[in-house]
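Dear colleague,

Please find the structure below, handed over for your use. My notes on it come after.

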Amino acid sequence: MLRSKKPKPLAVCNVCHALTDRHDFINNRCHQVVNGKRCYGTFRSALTDLWDECGSCHGVGMVGTQVCGECAGFGWKLYG
Ligand SMILES: [Zn+2]
Ligand SMILES: [Zn+2]
């Protein structure tokens, strides 16, 4: 079964670096909960960021039948 690579995420949180592929999250507050508190960061557009294909899942977001733990299923990681 062939799996296709994921498109690059649209936005990234400036604090916890959570990723999202939803347009409507851009410039909105991050929804991640870290240590029981909602992240205070804001999603900013990641269109100009450099991305690396995830080494564990090779950009597909899945390892076997599991969501890839390294990239949370996005298939991409911020470069650097
Ligand atoms: Zn965040
Ligand atoms: Zn991955």
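The notes cover conventions, the metal sites, the sheet and the aromatic contacts.

The model is predicted, so local features need pLDDT of at least 70 and side-chain atom pairs count only at pLDDT 80 or more, while totals for chains, interfaces and linings use all residues. Residues are numbered from 1 along each chain as its sequence is written, chains are lettered from A and ligands numbered from 1 in the order in which they are written, and side-chain values use heavy atoms, with hydrogens and water left out.

Metal sites. Donors here are N, O and S atoms within 2.8 Å of the metal (3.2 Å for Na, K and Ca); water is not among the atoms, so sites may look incomplete. The zinc ion (ligand 1) is held by the SG atoms of C13, C16, C30 and C39, at 2.2 to 2.3 Å. These donors follow the spacing C-x2-C-x13-C-x8-C along the chain. The site is tetrahedral (four donors with all angles between 85 and 135 degrees), because its four donor atoms subtend angles of 105 to 114 degrees. C30 is buried (under 20% relative accessible area, 1.4 Å probe, protein chains only), with a value of 0%; C39 is also buried, at 5%.

For the zinc ion (ligand 2), the protein donors are the SG atoms of C54, C57, C68 and C71, which lie 2.3 Å from the ion. Their spacing in sequence is C-x2-C-x10-C-x2-C. C57 and C68 link distant parts of the chain, eleven residues apart: C57 is in the loop between strand 6 (51-53) and strand 7 (62-63), and C68 in the loop between strand 8 (66-67) and strand 9 (76-78). Strands are DSSP runs (E, at least two residues), numbered from the N terminus. This second site is tetrahedral as well, with angles of 104 to 115 degrees.

Sheet. Three strands form an open sheet in the order 2-1-5, with antiparallel pairing; two strands pair if DSSP finds at least two bridges between them. Strand 1 (residues 11-13) and strand 5 are joined by three bridges, and V12 stands opposite R44 in strand 5.

Aromatic contacts. Rings of Phe, Tyr and Trp (its six-membered ring) pair if their centres lie within 6.5 Å, and planes under 30 degrees apart count as stacked, over 60 as edge-to-face and the rest as tilted. The count comes to one aromatic pair. The rings of F25 and F43 have centres 5.8 Å apart and planes at 25 degrees, so the pair is stacked. F43 is buried, with a relative accessible area of 0%.

Yours faithfully

Technical notes:
Helix = DSSP H or I, 4+ residues; strand = E, 2+ residues; numbered from the N terminus. Tetrahedral: all angles 85-135°; square planar, octahedral: opposite > 155°, others 65-115°. Buried < 20%, exposed > 50% of the residue type's maximum accessible area, 1.4 Å probe, protein only.
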